[in-house]
Structures are given as structure tokens and as C-alpha cells.
Amino acid sequence: MSDRVLKIREELVRMADPAVKASGLRFFKEPVKLYGVKSDVVRRLAKQHFKEIQSLGKAAIFTLCEELWKSGFLEETGIACEWSYALNSEYEASDFGSIDRWVRRYVSNWAACDSLCNHTVGTFIERFPSYQDQLFLWAGAESRWVRRASAVSLIVPARKGLFTETIFAIADRLRMDVDPMVQKGYGWMLKASSEYDPDRVYGYVMQHRDTMPRTALRYAIEKLPDEKRRVAMTRSG
């Protein structure tokens, strides 16, 4: 274990609060590992340490991220996500190997999935659009978190009107997924897309409202006008 990761773990143990841990555990249905440190404190800790390791270079920092991911502690994965995103100006196509491994091997809850995918993965896809194809592979994965990742990686690009065809193709791929966390993920993706193109999202929902899981549908229409939401929630039959 690197001295840097050991130091971070010692600090997290020292800052841990049982009440924060108990409160955090209520947000998850699946088992999660928590120290019990508030997210804003974790972000400050990540930024503080990043200043001290920035000169090491991306390869060395990605190796530290891997160590943090391996622990399974949510606070450590949060630091890893902060660090990998902080290096976004240095991303290269070859970095997808690390990203894919983190998603497939270590992501085991919605918070870790969303923290990594909303920022690190979304920014990577914007910089290297050809890697949109990899999201289709994720959409067909056995892991619910990898399938969710295929959608939530497009949240930020969706708000900018980017990758529209991929967004709706991913929605098609996930549309009948039975897992609620995947349904919420692609519904959120469609909701983000509706901020840029509400008419297309409304048309998509109207086309599939009889078959879309209600969870996904509710998320997708959340930002649409009241009347359109009412109509979309009504089964055509």
C-alpha cells in the first residue's frame, strides 16, 4: 500500500462519525462500506491531497485511484473519482482501459457509479466520441451497475445536446430492463436530454409509454410541462 493511501485512510478513520455512517447507510439498499465522513469533507480531503500529488503525473495518480477503488469504501472511491476527473485535461484514448476496469470491477453501488460516470466517463466520452460504442457493451452487461453506467455517463453530454442518437439508442437497449436502478439511470438520462430537446423526449415517451417501466417513465418526464407529464402517464390502451 502506498504511503499516500495509508495517510488518507488514517485521516478518514480519524474523521469518521458513527452518526454520519448510520445516516449514510440509509441511502442504500445494497451493502456498502462507509467510514462515516460527510461528502463535502471527503471532497476537501481529495482536493488537499491532489495538490500534493499532482506533480506525480497521471499514470501514478491513476495507480493510486486503483488502490482507493479496491478498498470498496465509498469515501475512498469518492476521492478516486475526484482525482480522475481532476486530470480530465490530460485524458488519452488509452485511459479507457482504466475507466472500463473501474466500472466493471469495482463499482458496486449507485453513488460510486454516478460519481465516476457523471464526470470522469462523461468527459472522456466528450473528448473521444468514438468510445460511445463502448457504452453499448456496458448496456448489455450482467452487472446492474455497468448497465446503469451506460446511461448515467451521458447525463452531462445530454444536457448539452450531445450524442442524441446514442442516448436514444441506449434508452432502447435498456428500456425493458427489470432492475429499478437501471430504470432510474436511463430515465435520468432522458430527463437530462429533455433539458435540451424536450419535444423529442416527449415523443419517445409517448411512443413507449405502454411498455416503459413506470419508474423510468417518471424520471424521464420530470422536467416536462405538467400537461405533457399527465398525458405521458396515461396508458394509451
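This passage describes a buried helix, a loop residue with an unusual backbone angle and an internal cavity in a predicted model.

Helix 9, which spans residues 144–152, is largely enclosed by the rest of the structure, because 8 of its 9 residues are buried. The buried positions comprise Trp145, Val146, Arg147, Arg148, Ala149, Ser150, Ala151 and Val152, and the elements that cover them include helix 6 (96–106), helix 7 (110–127), helix 8 (132–139), helix 10, helix 11 and helix 12 (180–194). At the start of helix 9, the backbone nitrogen of tryptophan 145 lies within 3.2 Å of a side-chain oxygen of serine 143.

Two of the covering elements, helix 10 (155–159) and helix 11 (164–174), are joined by the loop in which phenylalanine 163 is placed. Although phenylalanine 163 is not a glycine, its phi is positive, at about 55 degrees; in general, most residues other than glycine have a negative phi. Phenylalanine 163 has a relative accessibility of 15% and therefore counts as buried, the cut-off for this class being under 20%.

With regard to internal empty space, a search of the whole structure returns 1 cavity of 30 Å³ or more, and the volume of the largest cavity is about 40 Å³. The lining of the largest cavity is formed by Trp69, Gly72, Leu74, Thr77, Tyr106, Ser108, Asn109 and Ala112. By residue class, this lining divides into 4 nonpolar and 4 polar residues, with no charged residue contributing to the lining.

Key
Residues numbered from 1 in each chain as written. Predicted model: local features only at pLDDT ≥ 70, side-chain atom pairs only at ≥ 80, totals over all residues. Heavy atoms only, no water. Helix = DSSP H or I, 4+ residues; strand = E, 2+ residues; numbered from the N terminus. Buried < 20%, exposed > 50% of the residue type's maximum accessible area, 1.4 Å probe, protein only. Contact = heavy atoms within 4.5 Å. Polar contact = N/O pair within 3.5 Å; in protein donor to acceptor, adjacent residues only side chain to side chain. 1 Å grid on protein atoms, 1.4 Å probe; cavity = no way out; pocket = protein on both sides within 12 Å on 5 of 7 lines; lining within 4 Å. Points joined across faces, edges and corners; volume = space filled by probe spheres on them. Nonpolar A, V, L, I, M, F, W, Y, C, P; charged D, E, K, R; others polar.
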